[in-house]
Amino acid sequence: MKEKFTGANWNENEDLYTQTFYEQNLSQFWRPEDISLQADLNVWNILPKDVKDAYAKNLQVLTFLDTYQGDIGMPVVSRSMGNDDHQKKSVLNFMAAMENAVHAKSYSNIFMTYLNNDEIRDLFIWGEENQHLQEILRIIVSKYQDLDKLTYERNYGIKKYKDIDFKVAQFKAMVASVYLESCLFYSGFYYPLWFYGQGKLMQAGEIINLILRDESVHGLYVGRLAQDLYEGFNDELKAKLKTFTIELLEELYEHKIALIEEIYDEVGLSHDVKIFVRYNANKALMNLGFEAHFPYEEVNPVVLNGLNTETKTMDNFSMKGNGYQKMKSESLKDEDFFFEEEKING
Ligand SMILES: [Fe+2]
Ligand SMILES: [Fe+2]
């Protein structure tokens with residue numbers, strides 16, 4: 001049978017929420033060069049070596065996660081969408097472009113400002129050789145690869161292809177993606193936010209806040225896609241996949257804890273960072289439509305203070321460099337994510 005090609009028709013809503021996520025993603029677009037980092041050097045230059053070391057290693061963890069989310073995570077989820085899901089694909093592709101071209105590039109900009117070439121090279125080698133970071137990526141990326149193989153089988157009519165296997169792999173890849181977006185990043189975000197909450201390393205803190213704002217939208221969107229998929233499964237499969245979701249979290253959490261201790265023990269913050277990660281693990285589960293796994297704990301108020309809910313960077317008098325003027329962007333509010341029929345069509 002001849003393949004039929006279809007065009008992206010933005011005049012019609014593909015579903016109840018994708019066009020809202022499209023608007024949100026594009027309105028908060030930014031470039032790494034929007035934020036000049038020079039002003040941070042006064043503080044950076046007088047920090048003790050172990051503090052600098054922990055700060056840089058955190059950004060390196062974030063770099064690795066963003067690299068693979070951009071190179072494989074988002075693109076694989078995007079191409080697994082149905083052939084006519086052009087709007088969904090466009091939103092996922094846009095998010096994919098942000099991960100590496102904007103987020104990973106921003107971490108490199110911070111490295112280029114704070115560190116010399118040898119230090120940067122050593123930092124990348126540290127990431128390549130870090131057992132726990134590598135293990136976390138191996139777990140996440142394997143879910144993307146499993147899905148990609150089945151997407152290939154679907155698209156190219158391979159005989160052994162089974163639709164249910166494909167859907168299960170798609171769900172698992174989305175769960176991995178949401179864990180990365182809504183939980184795994186947060187041990188890395190913690191330290192820059194901790195400084196920002198105390199008025200230090202403000203430019204890097206602004207960058208982290210912009211990245212965090214993107215990742216929270218990414219986690220919500222992929223989580224929503226995962227929920228839609230989950231709804232289509234029978235009860236037996238639902239129970240199995242719920243167990244998978246918790247077991248995957250526990251597996252990732254174990255490596256995350258080891259990585260946190262490796263980086264944060266030196267500066268005495270491991271205990272607090274673990275709380276922050278558990279708090280965000282619960283948020284990831286919420287994005288997937290599941291209940292919290294860890295008991296509620298208070299997050300360090302200094303770090304909450306570092307969460308820039310006002311999005312200072314997006315006004316004319318912010319600390320960002322003299323780039324172009326972007327379109328106006330609003331902070332997300334909870335009510336932005338209730339997708340009722342009237343709101344979408346109204
Ligand atoms: Fe990212
Ligand atoms: Fe992301």
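Guide: Donors are N, O and S atoms within 2.8 Å of the metal (3.2 Å for Na, K and Ca); water is not among the atoms, so sites may look incomplete. The model is predicted: local features need pLDDT of at least 70 and side-chain atom pairs 80 or more, while totals for chains, interfaces and linings use all residues. Residues are numbered from 1 along each chain, chains are lettered from A and ligands numbered from 1 as written, and side-chain values use heavy atoms, without hydrogens or water.

Visitor: What spacing do the donors of the iron ion (ligand 1) follow along the chain?
Guide: The protein donors of this ion are Asp66 (OD), Glu99 (OE), His103 (ND1) and Glu215 (OE). They lie 1.9 to 2.1 Å from the iron ion (ligand 1). Along the chain, their spacing reads D-x32-E-x3-H-x111-E.

Visitor: How many residues apart in sequence are the parts that Asp66 and Glu215 tie together?
Guide: Asp66 and Glu215 are both donors of the iron ion (ligand 1), and in that spacing they stand at the two ends, D and E. Asp66 belongs to helix α3 (residues 49–80; helices are DSSP runs of H or I, at least four residues, numbered from the N terminus). Because Glu215 lies in helix α9, the pair ties together parts whose separation in sequence is 149 residues.

Visitor: Is Asp66 buried or exposed?
Guide: The terms rest on relative accessible area with a 1.4 Å probe and protein chains only: under 20% is buried, over 50% exposed, in between partly exposed. Asp66 has a relative accessible area of 0%. Asp66 is therefore buried.

Visitor: Which residue bridges the iron ion (ligand 1) and the iron ion (ligand 2)?
Guide: The two iron ions lie 3.5 Å apart. The residue in question is buried, with a relative accessible area of 0%, and it contributes an OE donor to the iron ion (ligand 1). The bridging residue is Glu99.

Visitor: Which donor of the iron ion (ligand 2) is listed with its ND1 atom?
Guide: Coordination of this ion takes place at 2.0 to 2.7 Å. Glu99 and Glu181 are each listed twice through OE, and Glu215 is listed through OE as well. The donors follow the spacing E-x81-E-x33-E-x2-H along the chain. The ND1 donor, buried at 0% relative accessibility, is His218.

Visitor: How many residues apart in sequence are the parts that Glu99 and His218 tie together?
Guide: Glu99 also bridges the iron ion (ligand 2) and the iron ion (ligand 1). It lies in helix α4 (residues 86–114), whereas His218 lies in helix α9 (residues 202–231). The pair therefore joins parts separated in sequence by 119 residues.

Visitor: With which side chain does that of Arg79 meet in a salt bridge?
Guide: Side chains of opposite charge can pair when their charged atoms come close. A salt bridge is a side-chain nitrogen of Lys or Arg within 4 Å of a carboxyl oxygen of Asp or Glu. Here the N to O distance is 2.8 Å, and the partner of Arg79 is Asp148. The pair links distant parts of the chain, 69 residues apart, with Arg79 in helix α3 and, in helix α6, Asp148.

Visitor: What is the N to O distance between the side chains of Lys57 and Asp53?
Guide: Being four residues apart in helix α3, these residues are separated by about one helical turn. Lys57 is buried at 18%, whereas Asp53 is partly exposed at 31%. Their side chains meet in a salt bridge with an N to O distance of 3.0 Å.

Methods
Helices (H or I, at least four residues) and strands (E, at least two) are DSSP runs, numbered from the N terminus.
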